[in-house]
Amino acid sequence: MNDSDNLIVDTATKLLQDLSTPSIINDAEAGKWPGGLWDALEESGLTLTWVSDELGGAGAEVSDGFAVLKVAGLFTAPVPLAETLLAGWLLGQAGMNVPAGPMTAGPVYADASIDLNGGKLTGSARHLPFARSAKHIALIVRDGGTPKVALVAVADCAIAHGVSLAGEPRDDVSFDGVTPLKVSPAPAGLDETRLAMVGAAMRSVQMAGALQKILDQSVQYATERVQFGRPIGKFQAIQHSLAELAGEVAAAGAAADAAAEAVARGAFDDADVADIATAKIRVGEAASTGSAIAHQVHGAMGFTYEHSLHHATRRLWAWRDEFGNEAQWSIRLGHLVAKRGADDLWPFITGA
Amino acid sequence: MAATGFRFPKVDLGPEAEQLRADVRAFLAEELASGGFTPMADSWTSGYSAEFSRKLGAKGWLGMTWPKQYGGHELTALDRYVVTEELLSAGAPVALHWIADRQSGPLLLRFGTEEQRQSILPRIVRGECYFCIGMSEPDSGSDLASLRSSGKRVDGGWLVTGRKIWTSGAHLCDYMIALIRTSPRDDTARHDGLSQFLIDLKSKGISIRPISNIAGEAHFNEVLFEDVFVPDSMVVGNIGDGWKQVVSELAFERSGPERFLSSFVVLREGLREIGEMPNDGAAGSIGRLVAQLKALRRMSLGVNGLLQAGESPVAAAALVKEVGTRYERTVLEDMRQHIPYRPAGQSPDAYASVLRDGILHVPSATIRGGTNEVLKGIVARELGLR
């Protein structure tokens, strides 16, 4: 975090407070594109936080982008802000100019492969976030096995609609026969796995924001809802549940911050892998435990579509599985530390 | 809606602290090689070694943050953090001096008289003077303010009568910092009328009875006071301010790495058994435990950063202890699924030994120093619910 964070966070907070309201979020799920929200984000430059000045972006720090994503998670913004940042990051890595408008990036699953042959693509991407809402897709493709970065127009692709647990677009996109608008060689080390690392850090930070939201909402509800003649927050059982939720939110926030710092360092070495894995694992756990507590505290009220609790909890349930879930990252991290050996475990944890 | 909850600022330890870490590691490697200690789980409550404590004193790793005039080294809370986390993660025997270094010394620095500081702090720094805490009583556990041990005003001091319990290390320590009722209980102001006394455990009228724990060890005790004379010079701070003074210690007492590293040696020795090519099930467990540990360490470092900055993050410290002590149990439960406990045989078995100690000690982790129920209450108060 640097000094400009406060300004950027303030800008994002004011904007999202006004334009990421419960009714706009519900409308978005019903298929109405939140144009006012998106345009305001784009005009403020927040959508290109991860793109340098030279490539048409805002030229802010990596940490600034993560600070914005935390706020976007807090307000459960129903737009591809994270996806546009990720696409901008990916294009920027290959030195490509970044177009205006909403974007998404893929593949989300590191095992997927999209091939480039004679200038045309073959292959598909599963569950691509907001594909139908985006104008462009930034992709890692394989040209004879070598990773390259491709910019594709959504209008050129065949899209089959799908939705996440939060009702957000997660579309299957076929690239068969599509000619990319532009292709550039990927710099050394940039591949599907690295994209998933940045994606995992991104989702972790969004989840940390959404977890903060459900803590705020749950504490507020517990002080307002009266049963047995007093606010339910006066009952020790509820107090203990909310204390546990606060612990989960705190742990998630700490882990997500470390992942954002790892991406900002950008070495993507074992230490960075461990920080990102830690975040996706620990924040994912907090999403599961925390959502359950928030719903329990809200009772039947929080189970209704009318209440806004689900804006955060359903996104948490969706995000925890994207770019690798807790089990996948745990296995990766476990193999990583096992290979380094027992005597290196503590030095590795302390980074010294 | 205002954001509720807790903030843990990022802490950069810096090159000096990292050099200190390297020094501690080198020392520990030598001690291990020469048989100076055997790594144990929960070593800060069960590894008693006067020799080891004195060695740490000679190295300059006790009273690290205290003023030089009392023998201290005027280093930062984060320097101390690095040293303690290295000692704990190695399972080194640090129990004897732990309370004096962590809590009693800082208390005397804050509230003690000049005479108390000069006579006691340099001895703690050398690893020669040990403290225990006299808070709980047979009828006063979580409800500490209900305690009944009392001091009667007499010429030149106080006559103390009562009973303290669960006093770790009392049989080996020089002093107890005891919380004693010095004016009659007032049910409308339960925290008033308590005072902290520095009690010389060799005083006449004290008897110390060991209590065996479920691991078969007798580290904690019942301490009986029968008309024990405590001179005025041994009052800590102000008469009647005991509760306030005790609360001020809590952020130090609860945020340290001992609240989540007590079972680290089980994770390390378990990983050694599992080897470099684990199956995915074992790898997944290890990965999850490492992730949880890294998150906890960052939170704990954040609280210590706030302490170093002069804040008193009591609720954040309670939260770290609550999450951290539950993690201790998770380590043991997860590791035994992959490498079950093996009853002790004739040959040395490092994993079985630390797992045994870990399992038999872990019930106390979520009780000592404030039960998790009490801690959740503190967190709930911070959330504005009480």
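How many Å should the 15 residues of helix α10 of chain A span at 1.5 Å a residue? The legends below work through this and other close-ups of a predicted model.

**View 1. Helix α10 of chain A, end to end.** The helix takes in residues 326–340, and at 1.5 Å a residue its 15 residues should span 21 Å; the end C-alpha atoms sit 21 Å apart, so the expectation and the model agree. Most of α10(A) is covered, with 11 of its 15 residues buried. Look for Trp329(A), Ile331(A), Leu333(A) and Val337(A) among the buried ones. That buried list also includes Glu326(A), Arg332(A) and His335(A). What does the covering? From chain A, the cover includes α8 (270–298) and α11 (345–350), and from chain B it includes α8 and α9. Just past the end of α10(A), Gly341(A) takes a positive phi of about 95 degrees.

**View 2. Helix α4 of chain A, another mostly covered helix.** Here we have 13 residues, 62–74, which should span 18 Å at 1.5 Å a residue; the end C-alpha atoms are 19 Å apart, which agrees. Of those 13 residues, 12 are buried. The buried set runs from Val62(A) to Leu74(A) and includes Phe66(A), Val68(A), Leu69(A) and Val71(A). Asp64(A) and Lys70(A) are on the buried list too. Just after this helix, Thr76(A) takes a positive phi, about 45 degrees in this case.

**View 3. Where domains 2 and 3 of chain A meet.** The domain assignment cuts chain A into domain 1 (1–79), domain 2 (102–188) and domain 3 (192–350). This close-up is about the second and third of these, whose centres, taken over C-alpha atoms, are 28 Å apart. Nine residues on the domain 2 side are in contact with 11 on the domain 3 side. What kinds of residue does domain 2 bring? Its touching side has seven nonpolar residues, plus one polar and one charged.

**View 4. Chain B as a whole, for orientation.** Before zooming in again, here is the chain that the remaining views belong to. Chain B has 12 helices and eight strands. A compact globule of 386 residues would have a radius of gyration near 21 Å, and chain B has 21 Å, so the two agree. Along the principal axes, its C-alpha atoms fill a box of roughly 70 × 60 × 40 Å. Buried residues make up 53% of the 386. If you take the contacts in chain B with a separation of 6 or more, 75% of them come from residues 24 or more positions apart.

**View 5. Strand β4 of chain B and its two partners.** Is this strand enclosed or open? Seven of the seven residues of β4(B), 175–181, are buried, so the strand is largely enclosed by the rest of the structure. In a regular strand, side chains alternate between the two faces of the sheet. Both faces are covered here: Tyr175(B), Ile177(B), Leu179(B) and Arg181(B) are buried on one side, and Met176(B), Ala178(B) and Ile180(B) on the other. Strand β1(B), residues 131–134, runs parallel to β4(B) and is joined to it by four bridges. In that pairing, find Ile133(B) opposite Ile177(B). Strand β5(B), residues 194–200, pairs with β4(B) in the antiparallel sense over seven bridges. There, Leu179(B) stands opposite Gln196(B).

**View 6. The side of chain B that touches chain A.** Across this interface, 45 residues of chain B are in contact with 43 of chain A. Helices α1 (14–33), α8 (264–274), α9 (280–308), α10 (314–338) and α12 (372–382) of chain B each supply at least two residues of the touching side. Which of them gives the most? That would be α9(B), with 17 residues. By class, the chain B side divides into 20 nonpolar, 11 polar and 14 charged residues.

**View 7. Gly302 of chain B, up close.** This glycine lies in helix α9 of chain B. Why call Gly302(B) buried? It has 24 other C-beta atoms within 10 Å, and the cut-off is 20 or more. Leaving aside neighbours within four places in sequence, Gly302(B) is in contact with Phe8(B), Pro9(B) and Val11(B), along with Ala254(A) from the other chain. For a sense of distance, Glu114(B) is 188 residues from Gly302(B) in sequence and 32 Å away in space, C-alpha to C-alpha.

Note on methods: Residues numbered from 1 in each chain as written. Chains lettered and ligands numbered in written order. Predicted model: local features only at pLDDT ≥ 70, side-chain atom pairs only at ≥ 80, totals over all residues. Expected span 1.5 Å × (residues − 1). Pairing = 2+ DSSP bridges. Domains from an automatic or database assignment. Contact = placed C-beta atoms within 7 Å. Nonpolar A, V, L, I, M, F, W, Y, C, P; charged D, E, K, R; others polar. Rg over C-alpha atoms; globule rule 2.2 N^0.38 Å.
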